[in-house]
Amino acid sequence: MHNHTLERVTNIRHWNDRLFSVTTTRPPGLRFESGHYVSLGLAAQDQLQARPHSVASATRDPYLEFLSHATPADTLGSRLQALRVGDPVLVGRQSGGTLRLSDLRPGKRLYLLATGSGVAPFLSIIRDPQAYEAFDTIVLVHCAREVSGLAYRHYITQALAGRQDWRARGALRYVPTVTREPFERQGRITTLIHSGELARELGLPPLNPEHDRAMVCGSKTVREALCAMLEGFGLRCRPEAGPPGDYVYERGTPAAARPAPAPRPPRRQAMPAGAAP
Ligand SMILES: Cc1cc2nc3c(=O)[nH]c(=O)nc-3n(C[C@H](O)[C@H](O)[C@H](O)COP(=O)(O)OP(=O)(O)OC[C@H]3O[C@@H](n4cnc5c(N)ncnc54)[C@H](O)[C@@H]3O)c2cc1C
Ligand SMILES: NC(=O)c1ccc[n+]([C@@H]2O[C@H](COP(=O)([O-])OP(=O)(O)OC[C@H]3O[C@@H](n4cnc5c(N)ncnc54)[C@H](OP(=O)(O)O)[C@@H]3O)[C@@H](O)[C@H]2O)c1
């Protein structure tokens, strides 16, 4: 637990019976870039139970905000869902991730493509003034199964877009979409893009590698589908270590942010030579 600091929950908001936001105090020394994640955890019988979570709050905010999803009983997601204001949480000392503005080649438009809780890192990016210095237009497409899964929808449409001093005014285009119940817009992101519906609605040309850049965040299946689609439009992914690319996705968890593995029980007897481990 030494690589985590003890923080407190200052707010919790449930969007539906699975999705919720947790706001915590911020470790004074924690630095992160918009799009980054940190390790978020709880102590469980003197053991650390922690998983990476994207920071949804802006880099300048004095607090940290996370968007999380409940998982089966006794897993971290279910324990986080039960948190109350004042409860302790553990926040990793290091941040990281591959959803960084600096990993994209210069372009005109930035497409942020998210499903479910995958919108979390983009909530930080759309509040980053540097994003609006780098791109003329930022298109945030958020796809959820149900309307209630469109977390922060009212915040994005009203508060953020309405702020007088905010560069996002006019530059941020928000496209919420739902797949399993009626809503003003329906369909998967892949469908909206392939059918040309997204481009038509926004009055923008189809995706092209000359001007368009993208970031992708969602489950593995969603990520693979969206990355294949972007490749089909000619956009090229930034290699794991290399120059900036046309699009990026979250590649995973470097050792620094991974929770320490549980100690293994001592072996009772030596394994016979040649035996399978
Ligand atoms: C770099 C990175 C950043 C992440 N950021 C976030 C984040 O901001 N918010 C967040 O909720 N999760 C995020 N995750 C996932 C998170 O780390 C854990 O998987 C989650 O906290 C559940 O942990 P668990 O131990 O309770 O269950 P796990 O054993 O990890 O998962 C149990 C089951 O729940 C599913 N599941 C896990 N997370 C989700 C989810 N978010 N939505 C739908 N199904 C899910 C898994 O596919 C699995 O079937 C991130 C993962 C990575 C690698
Ligand atoms: N930084 C990070 O890496 C980070 C941060 C936050 C979250 N996450 C990850 O984000 C994921 C969120 O879960 P989720 O995406 O499964 O959310 P979800 O809430 O289950 O949403 C899935 C949505 O995506 C659609 N979808 C499913 N398969 C698709 C495909 N192949 N192509 C296009 N759309 C598809 C679904 O449509 P249908 O209803 O038609 O199936 C549904 O609307 C989790 O795995 C979490 O770990 C990662």
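**Exercise 1. Strand pairing at β5**

Determine which residue of β5 stands opposite Phe20, and how the two strands concerned run.

Solution. In this predicted model, Phe20 faces Ser68 of β5. Phe20 falls within strand β2, which spans residues 19–25. Next, consider the pairing as a whole: β2 and β5 run antiparallel and are joined by 7 bridges. Finally, consider the surroundings of β5. Of its 7 residues, 5 are buried, so β5 is largely enclosed by the rest of the structure.

**Exercise 2. The loop between β3 and β4**

Examine Gln45 and Asp46: state the sign of phi for each, and decide whether each is buried or exposed.

Solution. Begin with location. Gln45 is placed in the loop between β3 (37–44) and β4, and Asp46 belongs to the loop between β3 and β4 as well. Turn then to the backbone. Most residues other than glycine have a negative phi. Gln45, however, has a positive phi near 45°, and Asp46 has a positive phi near 65°. For the last step, the cut-off for an exposed residue is 12 or fewer other C-beta atoms within 10 Å. Gln45 counts as exposed because it has 5 C-beta neighbours inside 10 Å. Asp46 is likewise exposed, with 6 other C-beta atoms within 10 Å.

**Exercise 3. The surroundings of ligand 1**

Identify the residues closest to ligand 1, the elements that give two or more residues to its shell, and the domains that contribute.

Solution. The shell around ligand 1 holds 20 residues, and the closest are Arg51, His69, Thr71, Thr75 and Gly77. Two or more residues come from each of β4 (47–54), β5 (63–69) and α1 (76–81). By residue class, the shell comprises 12 polar, 6 nonpolar and 2 charged residues. As to domains, domain 1 (4–96) and domain 2 (101–249) each supply at least three residues to this shell.

**Exercise 4. The surroundings of ligand 2**

Establish which element gives the most residues to the shell around ligand 2, and how the shell divides by residue class.

Solution. First, list the shell: 24 residues surround ligand 2, and Thr115, Gly116, Thr179, Ser219 and Glu250 are the closest. Second, assign elements. Those giving two or more residues are α2 (120–125), β8 (137–144), α6 (189–194) and α8 (220–232). Among the elements, α8 gives the most, with 3 residues. Third, divide by class: 11 residues are polar, 9 nonpolar and 4 charged.

**Exercise 5. The largest nonpolar core**

Describe the largest nonpolar core, and name the contacts of Ile138 beyond four places in sequence.

Solution. A general tendency is the starting point: in soluble globular proteins, nonpolar side chains tend to be buried together. Here the largest nonpolar core has 60 residues, of which Leu112, Leu113, Phe122, Ile138, Val141 and Met215 touch the most other members. Strand β8 gives the most to this core, namely 6 residues. The core also takes at least three residues from each of domain 1 (4–96) and domain 2 (101–249). For Ile138, once neighbours within four places in sequence are set aside, the contacts are Leu110, Leu112, Ile126, Ala131, Ala171 and Leu172.

**Exercise 6. The chain as a whole**

State how many helices and strands the chain contains, and what percentage of its residues is buried.

Solution. The chain contains 8 helices and 11 strands. Of its 277 residues, 36% are buried. As a further step, take the contacts between residues at least 6 apart in sequence: 71% of these join residues at least 24 apart.

Conventions: Residues numbered from 1 in each chain as written. Chains lettered and ligands numbered in written order. Predicted model: local features only at pLDDT ≥ 70, side-chain atom pairs only at ≥ 80, totals over all residues. Helix = DSSP H or I, 4+ residues; strand = E, 2+ residues; numbered from the N terminus. Buried ≥ 20, exposed ≤ 12 C-beta atoms within 10 Å, placed from the backbone. Contact = placed C-beta atoms within 7 Å. Near = placed C-beta within 6 Å. Nonpolar A, V, L, I, M, F, W, Y, C, P; charged D, E, K, R; others polar. Domains from an automatic or database assignment. Core = buried A, V, L, I, M, F, W, Y, C linked by C-beta atoms within 7 Å. Pairing = 2+ DSSP bridges.
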